Amino acid sequence: MGKKAIFFFDANNWYHNVKKSYNPSEIDIQKLVNLICKIKNYELIEIRWYASVPSISDGSDMYYRHISYLENLEKKGVKVIRRKLQKLSNKEMLKRKQETINNLDFCRVCRKLAEAHFLDLADIKRKEKGIDVWVGVDMLNLAIIENKCDVCVLISGDADFVPSLEIIKNKNKEVLTAMTPLGYSRELIEKFPYFIIKNETLLRCFKDYPSRAIQTC
């Protein structure tokens with residue numbers, strides 16, 4: 001029997017990286033987990049999905065699609081940990097808006113128009129609070145304190161997890177990070193064992209594979 005592994009999905013990071021190539025909702029995360037377990041000879045203990053949940057005021061269609069997706073994961077045995085998206089303060093919103101404008105290549109006239117009316121960016125009013133901390137604490141607790149796994153598999157390319165992963169590694173527990181190539185922090189790759197999730201791998205994990213593979217040929 002292989003080493004016992006718990007998979008920790010940073011859902012927000014996963015979504016934003018996978019959507020560069022495919023619709024994330026079409027990927028069967030259990031297929032992905034089973035594939036990694038087979039390659040690494042892991043015994044799967046649990047899949048944990050850490051997700052920020054939008055408010056219904058952001059749009060009922062989006063809200064109910066998100067909730068339905070999470071409920072389907074739970075029906076399949078995935079442990080879903082939810083946290084509401086928090087509103088940005090007025091000061092934070094002004095800072096984010098200004099940073100966005102500064103990063104765009106506007107001429108002087110267009111810059112003034114943008115500053116007057118701004119761009120209606122979907123994510124400008126919200127930010128994710130607490131997910132990274134929650135994942136890090138749970139990894140430490142489950143791997144070290146409760147000793148429920150031999151390996152923590154983090155599905156995220158976010159370097160914010162480096163401190164937690166270093167503690168786990170120093171306690172003689174194994175860690176593995178996994179993410180798509182474009183969404184991977186160089187620091188994670190340099191410091192810890194990693195698994196790059198290529199487009200071919202994602203294709204194999206589609207819910208309708210192999211019919212999807214035939215369509216892309």
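The paragraphs below lead from the chain as a whole to its nonpolar core and then to three of its helices. The structure is a predicted model, and its chain contains 10 helices and eight strands. Of its 217 residues, 40% count as buried, while the accessible surface comes to about 12,700 Å², with 51% of that area belonging to carbon and sulfur atoms. Among the contacts between residues at least 6 apart in sequence, 68% join residues that are at least 24 apart.

The largest nonpolar core is made up of 56 residues, and those with the most contacts inside it are F9, W14 and W49. Taking W14 as a point of entry, and not counting residues up to four places away in sequence, one finds that W14 touches F9, I27, I29, L32, W49, I155, M179, I197 and L202.

Two of these partners, I29 and L32, lead to helix α2, where both are buried, together with V33, L35, I36 and C37. Helix α2 covers residues 29-40, and its 12 residues reach 16 Å from the first C-alpha to the last, close to the 16 Å expected at 1.5 Å a residue. At the start of the helix, a side-chain oxygen of D28 comes to within 2.9 Å of the backbone nitrogen of Q30, and after the helix comes N41, whose phi is positive, near 60 degrees.

Helix α6, residues 131-145, can be read in a similar way: it has 15 residues and reaches 20 Å between its first and last C-alpha atoms, close to the 21 Å expected at 1.5 Å a residue. Its buried residues are I131, V135, G136, D138, M139, L142 and A143. Seen down the axis of α6, these buried residues fall within an arc of 165 degrees, so they line one face of the helix. An α-helix has 3.6 residues a turn, so residues three or four places apart point the same way. On the other side of α6, V133 and I145 are exposed, and just after the helix N147 takes a positive phi of about 50 degrees.

From α6 the path continues to S164, a residue of helix α7, which spans residues 162-170. Leaving aside neighbours within four places in sequence, S164 is in contact with G136, M139 and L140, and of these G136 and M139 are among the buried residues of α6. S164 itself counts as buried because its relative accessibility is 14%, which is under the 20% cut-off.

Key. Residues numbered from 1 in each chain as written. Predicted model: local features only at pLDDT ≥ 70, side-chain atom pairs only at ≥ 80, totals over all residues. Heavy atoms only, no water. Helix = DSSP H or I, 4+ residues; strand = E, 2+ residues; numbered from the N terminus. Expected span 1.5 Å × (residues − 1). Buried < 20%, exposed > 50% of the residue type's maximum accessible area, 1.4 Å probe, protein only. Polar contact = N/O pair within 3.5 Å; in protein donor to acceptor, adjacent residues only side chain to side chain. Contact = heavy atoms within 4.5 Å. Areas by Shrake-Rupley, 256 points an atom, 1.4 Å probe, with all protein chains shown as cover. Core = buried A, V, L, I, M, F, W, Y, C linked by side-chain atoms within 4.5 Å. Arc of directions from axis to C-beta.
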